[in-house]
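Trainee: I am new to this structure and would love a close look at one part of it. Could you pick one helix, walk me through it slowly, and then show me how the rest fits around it?

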Amino acid sequence: MWADEQTSSRDRHWRDLERLLGELPPRLLRQLKLVEYDLALRCSSSGRFRDIFTGVDQFPLLSVGDWLLADWAMTAGPDRERAERHLFIAAALMAARGHTIGGIRDTQSFYDDGHVTLVEYLTGRAATELARLVPSDSPFPETWSRPWLEELEQDLEDREAVGWPGRGDDPEMLRHGLWSPTARILAAAAATLTGHENARPDVDEMLAGLAMSFQIRDDLSTLQLDLQRGRPSYAIAVVARAAGIALRPWPAPAVVLGALVATRSAETLVTEQLELVRVSRRAAERLHLESFAAYANDVEARVDRRLASLRGTGGGRRHSSPATPTRPLIVAAEPTSATALAMAKGFLLADPSFRESWESHREGMFGSPFVASRFPAGLVLEILGSHGHDVSAEVDEFLAFAEANGFRYYDHRASRTDTDTVGVYLRLARHAGDPDRWLAAAGTVLACLARDVEAGGSVPVWIGECEGIDAEPRPVVALGEGCGTVAAHLLLGLVDAGPDTYGETIRIGATALLDRIAGVGLRANVNYPHLYALGVFARLVGRLDGTRLGSDPAIPTREATAILEVALDEARRVRRPTAQEAALLVIACQEMGRPGDIDPRWAGVVLRHQRFDGSWLGEPFAAAPNRGRAVTWYSSTILTSALCYDALERLRAGA
Amino acid sequence: MSDESPFHAMLGKALVDADFRARLMDPEQQADALSSIGIEPTREVLNELNQSIEALSQLSQAFGDEIAAT
């Protein structure tokens with residue numbers, strides 16, 4: 001009976017809800033659309049938005065108004081239909097609001113503070129629906145705002161509890177059902193409309209008990225996920241207390257899962273769940289709330305069966321409702337970062353040429369319809385190699401092409417030989433099948449480079465004429481000269497290839513570069529994002545420390561380091577980093593030897609922006625010519641994804 | 001056991017890792033399974049483990065994958 005009423009009510013009001021939501025402007029609608037999907041996956045068995053809060057497995061949030069108006073015998077007619085409609089719509093909006101707020105707070109969800117606008121809309125619109133229900137002089141606004149204020153206060157209390165020793169360990173601090181305040185607000189409205197204000201305390205208690213019963217079920221369901229994410233819940237606190245486990249510092253997920261087994265706390269929790277439903281059912285019977293009583297009776301049978309199954313006693317209370325729950329009591333969860341890393345690896349290794357990352361020009365550079373630089377693919381290979389992937393075949397191909405192309409930046413004879421290409425070539429050689437063969441092949445260009453470094457007193461971006469590398473006589477304006485990051489890239493390559501063999505070139509180049517960094521900080525970088533340059537500079541300083549040049553008093557390592565420390569302090573203040581910026585901050589902190597300064601929110605930003613194919617959207621990485629003499633930002637999905645992957649791998653290794 | 005954490009971690013691993021659980025539940029492989037994760041299979045540990053075996057078995061049946069969304 002209650003199920004038929006629920007379906008009938010949904011069918012009557014759903015179109016009004018759809019119409020209301022359909023009027024949202026595009027950006028809000030785009031946010032809401034995903035909330036609809038997520039809410040449907042969370043609160044319906046079918047995954048359809050129109051089925052939310054329907055059936056015996058769901059808390060009956062959308063039915064609270066209808067059922068109470070019916071059970072409290074509000075006269076059928078236009079007024080009741082109107083009231084039912086407003087209560088239904090308000091319930092749906094408040095549910096979406098509650099879900100969105102939870103998503104914003106979960107640093108590993110796909111929601112962020114950009115969704116605050118949606119929360120604002122949902123809050124305001126739900127309040128409007130409720131305000132339309134009752135005369136303006138009714139005490140209802142003050143009445144219904146109380147559960148809402150309690151919810152807000154509870155939320156603040158929960159947040160504080162996370163950081164306070166002792167408080168977050170107390171199960172009672174976390175013992176509240178997510179849907180309870182909304183249900184009580186709806187009940188308050190129904191009570192006002194039907195003159196049942198006196199029944200409210202009992203109804204509130206009945207609804208709170210029912211909501212808590214579902215909360216225990218949901219807490220158990222997400223127990224492993226919550227443990228992995230460091231998200232306190234009532235169920236976790238109950239298990240921890242039973243086993244004498246402190247929740248600060250946050251315990252290893254396996255320890256609490258094992259304690260769940262050893263202390264038989266799952267049984268304790270499902271027993272509590274059953275008792276809560278039972279008490280609510282009895283209260284509903286006592287209050288003559290027939291719809292609630294019938295619904296709670298079916299829920300009770302469901303939970304009873306679950307408990308029997310958990311105890312291995314079979315059966316449970318005989319009942320006509322659908323028997324075995326199909327959802328596991330505890331849902332298996334992979335740690336978010338492990339899943340994200342596997343996805344990123346899958347994406348990065350999908351195309352061994354990394355062609356999307358090539359800096360490809362179709363605007364007619366050098367009078368050619370297509371010119372490309374494979375240099376960014378070298379950076380991607382370097383990241384993959386540094387994390388232990390066997391990329392030797394891809395590296396061999398990259399190095400062979402670089403050598404055959406005369407170490408030019410672009411694959412055109414008019415392009416000049418380029419230090420960045422030489423640098424990445426040297427750094428990749430150790431990941432190649434035969435490193436010595438490749439290093440030997442770079443002998444000529446390295447000699448030219450050493451010549452230019454000695455002549456100029458610093459590392460150039462573009463290398464002068466070099467024997468054996470023919471050049472097309474065509475005047476070009478070569479951009480980016482003087483970039484310290486390019487110099488650092490090369491010096492890192494030379495340190496990799498042989499700090500003694502190339503000692504003099506490294507000494508001259510490092511002295512000039514670090515002196516420049518000590519003078520102008522990150523302005524020594526020309527071509528790349530400053531955060532990227534910061535990590536590269538820090539990496540160079542670290543690598544020089546490991547060579548005899550590290551103690552060379554002529555190289556201003558200490559002065560440059562001091563400047564980089566300040567630059568990192570300033571960079572850490574960024575308020576809303578993009579995914580690539582967050583990744584570069586993680587990398588910079590690690591390269592600076594300051595892993596303790598990594599803000600945990602940066603990992604959240606990186607995770608939140610990963611797409612389902614494992615990639616991240618490309619973000620500006622280097623300035624590049626476009627349509628003649630204009631310059632625009634080069635960006636690549638593969639390169640940004642590699643940087644995000646690098647950061648996540650570093651975080652995993654450091655965890 | 002004075003510090004229950006390793007024991008709890010072992011049970012937690014058994015809950016989520018079906019192969020490890022199967023070895024723990026096999027009396028002939030139990031000791032090896034414990035040793036493989038660095039727990040000495042003393043009589044005390046084995047007793048404690050066997051007290052939790054039934055609960056582990058029951059709970060493992062209630063532990064599983066969420067239905068995928070496609």
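Mentor: Gladly! Let us begin with helix H1 of chain B, bearing in mind that this is a predicted model. The buried residues in H1(B) are Phe7(B), His8(B), Ala9(B), Met10(B), Leu11(B), Gly12(B), Ala14(B) and Leu15(B). H1(B) covers residues 5–16, and its length can be checked: at 1.5 Å a residue, these twelve residues should span 16 Å, and the end C-alpha atoms are 17 Å apart, which agrees.

What covers those buried residues? Part of the cover comes from chain B itself, including helix H2 (18–25), helix H3 (30–36), helix H4 (43–61) and E1 of chain B. The cover also includes two helices of chain A, namely H10 (234–243) and H11. As a general background, nonpolar side chains tend to be buried together in soluble globular proteins.

Now step back to chain B as a whole. Chain B has four helices and one strand, and from the N terminus on its elements run α-α-α-α-β. Its C-alpha trace spans about 50 × 25 × 20 Å along the principal axes. Of the 70 residues in chain B, 26% are buried. If you take the contacts in chain B with a separation of 6 or more, 54% are between residues 24 or more positions apart.

Helix H11 of chain A leads us on to the meeting of the two chains. The contact takes 22 residues from chain A and 22 residues from chain B. On the chain A side, the elements giving two or more residues are helix H11 (253–262) and strand E1 (330–331). H11(A) gives the most to that side, with nine residues. By class, the chain A side divides into 18 nonpolar, three polar and one charged residue. The strands take part too: E1(A) pairs with strand E1 (residues 63–64) of chain B in the parallel sense, over two bridges. There, Val331(A) stands opposite Gly64(B) in E1(B).

Chain A, the partner in this contact, has 26 helices and five strands. Its C-alpha atoms fill a box of roughly 95 × 55 × 40 Å, taken along the principal axes. Buried residues make up 49% of its 655 residues. Among the contacts in chain A with a separation of 6 or more, 66% are between residues 24 or more positions apart.

Chain A is divided into domain 1 (2–311) and domain 2 (336–654). The C-alpha centres of these two domains of chain A lie 51 Å apart. Where they touch, six residues of domain 1 are in contact with five residues of domain 2. The domain 1 side of that contact has one nonpolar, three polar and two charged residues.

Let us look at the cores next. The largest nonpolar core has 110 residues, and Ala91(A), Leu186(A), Ala187(A), Ala189(A) and Val256(A) touch the most other members. Helix H4 (residues 78–105) of chain A gives the most to this core, with twelve residues. Take Leu186(A) as a sample: leaving aside neighbours within four places in sequence, Leu186(A) is in contact with Val64(A), Gly65(A), Leu87(A), Ala90(A) and Ala91(A). A second, separate core of 108 residues includes Val495(A), Ile517(A), Leu534(A) and Ile638(A).

For another helix to set beside H1(B), try H25 (residues 600–608) of chain A, whose buried residues are Trp602(A), Ala603(A), Val605(A), Val606(A) and Leu607(A). They pack against helix H14 (336–348), helix H24 (579–591) and helix H26 (637–654) of chain A.

We can finish at a hairpin and a loop. Strand E4 (residues 620–626) and strand E5 (residues 630–635) of chain A run antiparallel and are joined by six bridges. Asn626(A) has Ala630(A) in E5(A) as its bridge partner. E4(A) and E5(A) form a hairpin with three residues between them, and Arg627(A) in the turn has a positive phi of about 45°. Leaving aside neighbours within four places in sequence, Glu363(A) is in contact with Asn626(A) and Arg627(A). Glu363(A) is found in the loop between strand E2 (359–361) and strand E3 (371–373) of chain A. Glu363(A) counts as partly exposed because it has 13 C-beta neighbours inside 10 Å.

Conventions:
Residues are numbered from 1 along each chain as its sequence is written. Chains are lettered from A and ligands numbered from 1 in the order in which they are written. This is a predicted model: local features need pLDDT of at least 70, side-chain atom pairs count only at pLDDT 80 or more; totals for chains, interfaces and linings use all residues. Two residues are in contact if their C-beta atoms, placed from the backbone, lie within 7 Å. Ala, Val, Leu, Ile, Met, Phe, Trp, Tyr, Cys and Pro count as nonpolar, Asp, Glu, Lys and Arg as charged, and the others, Gly among them, as polar. Two strands pair if DSSP finds at least two bridges between them. Domain bounds come from an automatic or database domain assignment. A residue is buried if 20 or more other C-beta atoms lie within 10 Å of its own, exposed if 12 or fewer, and partly exposed in between; C-beta atoms are placed from the backbone. A nonpolar core is a set of buried Ala, Val, Leu, Ile, Met, Phe, Trp, Tyr and Cys residues joined through C-beta atoms within 7 Å. The expected span of a helix is 1.5 Å times one less than its number of residues.
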